[in-house]
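User: I am new to this structure and would like to understand the terms used to describe it. Please explain each one as we reach it.

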Amino acid sequence: MQEGGLPDRRPPPEAVDTVPVPAVTEAYARAEDKAPTVPVPAVIEPLAPAAGEALAARRRTWAARRFDMAACGCLVICLTLWAVSLADVHVHDVATAGLGLVSVLPVTFWTALGVLTVSFCATVTCRPRRWPVLAGHVVVLIAILHATPAILYGTLRYSWAWKHVGVIDYIIHNGVNFNLGGILGPYQGWPGFFALNSTLTSASGLGSALRYAQWVLPFNDLLWVGPVILIARAFTSDRRLIWTAAWLFTVSNWIGQDYFSPQALAYFLYLTVIAICIRWFWVPGDPVARDCPDGRSRRSRSTRYALAAALLPMMAAIASSHQLTPFMLIAALTALALFREFRHRVLLPVAMTVTTLGWLAYGARSWLGANRSQLLQGLGLPWANASSHVVSEGTVPPDQVIIDWGVRSLSGAMAVLAVVGFVRYRRHHTARARRSWWRIALLAGASMPALAANSYGGEIVFRVYLFALPFLAVAAAAAFFPHPRAGRPSWTALVLMGTVLLLSVGYSLGNFGEESVNYFTPQEVAASEWLYRNAPPGALLVGADSNFPWAFVHYNWYSYTFLDTMPGSSGRAFLRTPVATVANIMKHYPSYLILTTSQAAEINMTGAWPAGEYSRLTHDLLSSGKFRVVYQNANDVILQLDTSHDRSEGR
Amino acid sequence: MIPSADLRRLAIALTPAAAGWVVLIITAVAGHSVIRAVAVFAFVLVGPGVAVVRLLPIRDVLERGVLVLALGLSLALLTAEATAISHILRPAVVLVVLILICSAAALTELAMKGGRSS
C-alpha cells in the first residue's frame, strides 16, 4: 500500500494504537545491530543456536554500553569546554560589542554547544530509552544557554528585572496597595509573584531579591521544560519525539521572558495546567493516553473532580500574578472545550474565566479604570498590533538587522517545521491518532486571537509565539519522528543535527545578541546604587532612557522622566535644544540626570535617536556649565542642575 | 498497638508539616545564614506541593515532580498574596499557614487511607 506516493512503512493500525510504545525498540535494534562485530575464526565450530543468541545479546549490550559511555563522555567534554570558555571571556567587552555575547564568547563555547547538539541528536535517534542521558543533555543545554550570563556578569541583567526587585522591596515594607498608581502601579494590581518573593526574601534573611534573582533565569527554563515534556507525552509514547520536542522548545525560545518576572512563573503554571488537562481529562478512547491517571475514564467521577480541583490554586495564582496569561489560558481551555477535546468542558473554562474576572473586579479594578482607553486602543486591529514593534531597518545599526533576521528566520523555521511535522504525523497514523493530534493545532492556534485584542506594548506578537511554542515544538519534532517506525535513524540523525545547529544560530543571535543592552557593568550598578542612596524622597530622576538598574529600591519615593519617550513635538524640540530642555525638566528640585553605558547601547540599538546623538547630548550637557557632576566613573555620570548661576544672576 | 506500616505512613504523611516547623524554628534562631536561605526556599517551593500531591492518584514521577512545584508555588503565592493584601505580610505568618496546609493534607490522606482500609 502506498499513500501520497511514499512507501508505506506503517504497521497495521492495531499495532500502532494498542501496543504501548511499538516504537523505539526497532530504532534501537537497528542502531545496536550496527555495532562492530567480533570476527569469528573459521576453525571454530558453529555455535549452538542458544549460545549464538547469548553471544549476540552480549555484543548488543556492549555496543549499547559503549554508546552510553560515549554520550556521557560528550557531556563531560561539553562541560569542560564550557568552563574553559567562561574563563576566556572578557566580560567588560560585552557592553560595547556589536552582537553582545555572540561577539565575545570564544570558540570553545560554540564548540561545547556544537558537541552537545551532535551528541543529543545521536543519542535521541539511537538510544532514546536512556532518558537519564537525554535529560542530562537537556539540563546541560539549559545551563550553557541560560546560566552563562549569571556566571559571567555578577550583576543582575535586564532593567525590568531590577524594577521587579523594587516592587518586592516595596511590598516588604508597605504591603500591597491597589491604588498606588504611578509608573510601577500595574504591578500592584497583579501582586502574586511579588508577594511570593517578598516572603522568600524576608523569611530567608537575604534582605533583597537581588541576592538570587540572577539565578532565576536558568531555574525558569528548567521549570518550563518539565510540563513541555508532559505535553509531548500526551500525544505520543515515542521518546525520540518527546525529547526532541523538549530540545526544540529550548533552542527556539528566544523571546527572553524567562528572567525574574511574573510572566515566567505564570507561564510555568499555564504549561502545567494545559499538560494536566490534556493528560488527565482527555476524552475516553484516546489511543495515546495509556499512562494518564484518568485511566481512560475508569476513574470515578469524584476522583476526576478532585484532580480538577488541584488545578484551581494554579488558576488563581495565574489570575492574580499576570495580566496576559489568564486570557491565554482561557483561550486554550475554551478552544479545547469548543472542539470537545477534553472532559470538564464547562467546569474548567468557566472556573478560569470566573477567577480572572473576579480578580479584575477586585485587585485590578483601580488600574483598569485608570487605563481603560489604553486597553481598548488596539481592539480589532490585529495587523497594527502585530507590527507595532517593527522599526525601519534604516534607523538601526547593521548588527541589530542581523539579530532581527536571525530571530525571524528561527521563528519562521519553527512554524515551517511544525506544519511539516503536523502533516507527516497525520500521514503515518490512523484516524483515531489523527483526531488526537488535532489538539496540537488547536493549542498552537489558541493564542492567536490575542493579536486582535491589544498590542501589549508592542510585544503581543512575541507573546503569541511564546504561548504557541510548546505545541509548535511538539509538532516540529514530529517532522523528524512522525512514527516510531518511520525513517532511517542515520539519515534522521543527520537531518536533525543540521536543523538544530541552524536553529541554534538563530537562537544565539536572539538570546545573546542584545546583551550589550541587557548587561550592566559593576560600575554602572555602583552609579545607580549611589543615586538611590543619595536622592532624597520626592526627587525627580531623569534618564536618557529606562535601560539602567533603576527603581530597585524605594520606588514610590521618586518620579521618573525618560528623554527617549518624550512625546511628539517636545521630543523633536529636545533633540534641537537638548541642554535647554533638560534644564527645563530639572527645574523641579531636587532632580538628578543619570547617563550610563547601557542607556547609550539601547538608544543606539533601537535607533531611537540618530547616530551620535547620545554622545552629542552628553558632551553638550557637560560643557554647558549649567550642570554639575555629582557622581562619575569611567563610563557613567550623574548630573544635577547647577543652580548657583541662577542665584548669582538674581543677586 | 499501632502496626508499623501505619506508623510509617503517618510519619511520611506528616513529614512536610514537620519540616515546616523545623524551618520556622530555623528562621527564628539561625540569623542570616545559607542554611536558613536553603531551608526556606526548599520548604516554601515544595513543602505544600509534596503534601497535596500525595492526595492525588498520580504515579508518574515527572508528573508528580511538576505538580509538586506548581502546587507548592501556587499555594505559597496565594498565601503570601493574601497576607500582603491584608497588610499582615510576615514570614512567620506565611510559614504557619503553609504548615497548616501541609497538616490538613496529611490528615486528609490518613483519613482517606484509614477509610479505605476499614
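Analyst: Two strands pair if DSSP finds at least two bridges between them. Helices (H or I, at least four residues) and strands (E, at least two) are DSSP runs, numbered from the N terminus.

This is a predicted model, in which local features need pLDDT of at least 70 and side-chain atom pairs count only at pLDDT 80 or more, while totals for chains, interfaces and linings use all residues. Residues are numbered from 1 along each chain as its sequence is written, and chains are lettered from A and ligands numbered from 1 in the order in which they are written.

User: How do you know that β6(A) and β7(A) pair, and in which sense do they run?

Analyst: DSSP must find at least two bridges, and 5 bridges join β6(A) to β7(A). The two strands therefore meet the criterion, and they run antiparallel. Between β6(A) and β7(A) lie 4 residues, and the two strands form a hairpin. Within this pairing, A:R628 is opposite A:Q640 of β7(A), and A:Y631 has A:I638 of β7(A) as its bridge partner.

User: What makes β4 and β6 of chain A edge strands?

Analyst: Each of them pairs on one side only. They belong to an open sheet of 5 strands in chain A, whose order is β4-β3-β5-β7-β6. The edge strand β4 covers 559–562, and the edge strand β6 covers 627–632. From one strand to the next, the twist averages 25 degrees.

User: Why is the pairing in this sheet called mixed?

Analyst: The sheet has mixed pairing, and its individual pairs illustrate the term. Strand β3 (residues 540–543) of chain A pairs with β4(A) in the parallel sense, over 4 bridges. There, A:T561 of β4(A) is the bridge partner of A:V542. Strand β5 (residues 591–595) and strand β7 (residues 637–641) of chain A, by contrast, run antiparallel and are joined by 3 bridges. A:L595 has A:V637 of β7(A) as its bridge partner.

User: Why are α27(A) and α29(A) described as perpendicular, parallel or oblique?

Analyst: Helix α27 (residues 578–585) and helix α29 (residues 613–623) of chain A pack at an angle of about 70 degrees, with their axes 9 Å apart. Axes are lines fitted to C-alpha atoms, for helices over the stretch in contact, and angles run from 0 to 180 degrees between N-to-C directions. Angles under 35 degrees count as roughly parallel, over 145 as roughly antiparallel, 65 to 115 as roughly perpendicular and the rest as oblique. α27(A) is therefore roughly perpendicular to α29(A).

User: Which residues make the contact between α27(A) and α29(A)?

Analyst: A:P578, A:V579 and A:V582 of α27(A) meet A:L617, A:D620 and A:L621 of α29(A). Residues are in contact if their C-beta atoms, placed from the backbone, lie within 7 Å. By class, these residues are 5 nonpolar, no polar and 1 charged. Ala, Val, Leu, Ile, Met, Phe, Trp, Tyr, Cys and Pro count as nonpolar, Asp, Glu, Lys and Arg as charged, and the others, Gly among them, as polar.

User: What makes α7(A) roughly perpendicular to α9(A)?

Analyst: The axes of helix α7 (residues 159–174) and helix α9 (residues 192–204) of chain A cross at roughly 70 degrees and come within 9 Å. This angle makes α7(A) roughly perpendicular to α9(A). Residues of the contact include A:V167 and A:I168 of α7(A) and A:F194 and A:A195 of α9(A). The contact has 6 nonpolar, 4 polar and no charged residues.

User: How is chain A divided into domains?

Analyst: The bounds come from an automatic or database domain assignment, which gives domain 1 (67–157 + 212–516), domain 2 (164–211) and domain 3 (520–650). The C-alpha centres of domain 1 and domain 2 of chain A are 27 Å apart. In the contact between these two domains, 17 residues of domain 1 touch 15 residues of domain 2. The domain 1 side comprises 10 nonpolar, 7 polar and no charged residues.

User: Which helix of chain B supplies the largest share of the side that touches chain A?

Analyst: That helix is α3(B), with 17 residues. Overall, 34 residues of chain B are in contact with 36 residues of chain A. The chain B side divides into 24 nonpolar, 6 polar and 4 charged residues.
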